[in-house]
Amino acid sequence: RLAAARSLKLLLYLSCGPASFRSDAEALFEHGFRLTQLQSYDSFPGTKHIEILGVFSRTGSVSHWLRPVARTQIKSRGKK
């Protein structure tokens with residue numbers, strides 16, 4: 001679907017957790033998006049569940065320096 005949306009310049013992505021955000025962010029990187037903002041939301045206080053909101057913009061080329069950040073700093077809570 002991302003390849004078909006070539007005119008898309010900005011994407012707001014809300015994920016139900018860090019693990020799904022990470023895998024989907026990697027797919028967005030492959031399609032020329034870069035992560036410009038990242039925010040977590042604790043909609044269920046007292047639980048391990050959090051939501052992640054990412055703002056992605058299309059650059060036309062892959063931003064290689066953002067890939068390590070997404071892979072190393074976005075981790076599932078409670079997992080080592």
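The following exchange covers the sheet, the helix and the core of a predicted model.

Tutor: Local features in this predicted model need pLDDT of at least 70 and side-chain atom pairs count only at pLDDT 80 or more, while totals for chains, interfaces and linings use all residues. Residues are numbered from 1 along each chain as its sequence is written, and side-chain values use heavy atoms, with hydrogens and water left out.

Student: What is the order of the strands in the open sheet?

Tutor: Strands (E, at least two residues) and helices (H or I, at least four) are DSSP runs, numbered from the N terminus, and two strands pair if DSSP finds at least two bridges between them. β1 and β3 pair in the antiparallel sense over six bridges, and β2 and β3 do so over eight. The edge strands are β1 and β2, each pairing on one side only. The order is therefore β1-β3-β2.

Student: Which residue in β3 is the bridge partner of Tyr13?

Tutor: Tyr13 belongs to the covered face of β1, together with Leu11 and Ser15, while Leu10, Leu12 and Leu14 make up the uncovered face. In a regular strand the side chains alternate between the two faces of the sheet. The partner of Tyr13 in β3 is Gly54.

Student: Is Ser15 buried or exposed?

Tutor: Ser15 lies in strand β1, residues 10-15. Ser15 touches Ser20, Phe21, Ile50, Glu51 and Ile52 (heavy atoms within 4.5 Å), not counting residues up to four places away in sequence. Buried means under 20% relative accessible area, exposed over 50%, and partly exposed in between, with a 1.4 Å probe and protein chains only. The relative accessible area of Ser15 is 3%, so Ser15 is buried.

Student: Which element supplies the largest share of the largest nonpolar core?

Tutor: A nonpolar core is a set of buried Ala, Val, Leu, Ile, Met, Phe, Trp, Tyr and Cys residues joined through side-chain atoms within 4.5 Å. The largest one has eleven residues, including Leu11, Phe21, Leu35 and Ile52. β1, α1 (18-30), β2 (33-41) and β3 (51-58) each supply at least two of them. The largest share, four residues, comes from α1.

Student: Which residues form the aromatic cluster?

Tutor: Rings of Phe, Tyr and Trp (its six-membered ring) pair if their centres lie within 6.5 Å; planes under 30 degrees apart count as stacked, over 60 as edge-to-face and the rest as tilted. By this rule the count comes to three aromatic pairs. The one cluster is formed by Tyr13, Phe21, Phe29 and Phe56.
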